[in-house]
Amino acid sequence: MGGHTVAVIGAGKIGELMLSGLLRSGWPVERLLATARRPARAQELTDRYGVRVVDNLTAVTEAEVLAVSVKPQDAAALLDEIGPKVPADKLVISLCAGLPTAFFNRRLPEGTPVVRVMTNTPALVDQAMSAISAGAYATGEHLALAEEMFSPLGATVRVPESQQDAVTALSGSGPAYFYLLVEAMIDAGILLGLPRQVAHELIVQTAIGSAVMLRDSGEHPVKLREAVTSPAGTTISAIRELENHGVRAAMLAALEAARDRARELAAQAD
Ligand SMILES: NC(=O)c1ccc[n+]([C@@H]2O[C@H](COP(=O)([O-])OP(=O)(O)OC[C@H]3O[C@@H](n4cnc5c(N)ncnc54)[C@H](OP(=O)(O)O)[C@@H]3O)[C@@H](O)[C@H]2O)c1
């Protein structure tokens, strides 16, 4: 692994997750480059990871793989700068939410392979969910290389690009929904008279235990929930309130809103 030099272009939060994950997985630091807009950020990356921070055009020349991790609204300006200089045999990996690979291909030399990846912040603890799609000129080999880079950060799945906005709404933003639920449940614990720290510990471990059960038991979530829901018991009383308050409908509406926002961001970036 690590035969290619990878440049993380615009190493902010997600770019840093990628750098640190690749390093943890044994990717040689001399095969990594990063770019940043502010000198202070560049210094931070060098201090933290020993990675060489270069300007965007040097990264384009030196790296075989360009992982673009700027905000979607900054992507057009970045591609105006580097697009014409990217040799068509480089692999461009986009981590930008919402932006179709066609957005990149319109600004890159004809035939440049682009792979779109939607990862998420649990990459920080090697528990990311990364969904990978091929653009028009990306081959199986390019997808395999992207998988090689993202599998040390967690799970990977290949999806058709048409599903990426839905992926963004589900797993890209997903950690935030779980954090919000945990936050609300801790508040509930406090309402019921538990000390904050105890409520926190109870709910975080319950979240971890439930997640491992979901992953390892192979059971449908309905089955797992039914196993905790005894007739006329406490859980069903809580479930009735969750249904009364439309939690399920709220989830459907929320994810639809996230999907629509991904589409809006792509339209604005163009
Ligand atoms: N955060 C998430 O949970 C998440 C999840 C999945 C996907 N994503 C996607 O990942 C991408 C990055 O998000 P983020 O949260 O990591 O944003 P971020 O922290 O703002 O990182 C973007 C970085 O790119 C730098 N930058 C912008 N234009 C540049 C240029 N022309 N040359 C060099 N560097 C440049 C920015 O510099 P400054 O510091 O000067 O602004 C910033 O450090 C987004 O497209 C987002 O959709 C994010």
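1. Start with the contact between the domains. In this predicted model, eight residues of domain 1 are in contact with five residues of domain 2. Domain 1 covers residues 4-164. Domain 2 covers residues 171-264. Their C-alpha centres lie 33 Å apart.

2. How much area do domain 1 and domain 2 bury between them? The value is about 410 Å². Carbon and sulfur atoms account for 55% of that buried area. On the side of domain 1 that touches domain 2, three residues are nonpolar and five are polar. No charged residue appears on that side of domain 1.

3. Next, the specific pairings across the interface. The count of salt bridges between domain 1 and domain 2 is zero. One residue pair is in polar contact across the interface of domain 1 and domain 2. Both residues of that pair are at pLDDT 80 or more.

4. Now the ligand. How many residues surround the ligand? There are 21. The closest are Ile14, Arg37, Arg38, Val70 and Ala97.

5. Look at the polar atoms around the ligand. Alanine 97, one of the closest residues, has a backbone N or O atom 2.9 Å from an oxygen atom of the ligand. Glycine 10 also offers a polar backbone atom, placed 3.4 Å from a ligand oxygen atom. Asparagine 56 uses its side chain: a polar atom there lies 3.0 Å from a nitrogen atom of the ligand.

6. Is the ligand mostly buried or exposed in the protein? Taken alone, the ligand exposes 880 Å². The protein buries 83% of that area.

Terms used. Residues are numbered from 1 along each chain as its sequence is written. This is a predicted model: local features need pLDDT of at least 70, side-chain atom pairs count only at pLDDT 80 or more; totals for chains, interfaces and linings use all residues. Side-chain values use heavy atoms; hydrogens and water are left out. Domain bounds come from an automatic or database domain assignment. Contact means heavy atoms within 4.5 Å. Buried area is the accessible area (1.4 Å probe) that two parts lose on being put together, summed over both. A salt bridge is a side-chain nitrogen of Lys or Arg within 4 Å of a carboxyl oxygen of Asp or Glu. A polar contact is a pair of N or O atoms within 3.5 Å; within protein, one must be able to donate a hydrogen and the other to accept it, and residues adjacent in sequence count only if both atoms are side-chain atoms. Ala, Val, Leu, Ile, Met, Phe, Trp, Tyr, Cys and Pro count as nonpolar, Asp, Glu, Lys and Arg as charged, and the others, Gly among them, as polar. A residue is near a molecule or strand if one of its heavy atoms lies within 4 Å of it. Accessible areas come from the Shrake-Rupley method with a 1.4 Å probe; for residues, only the protein chains shown count as cover.
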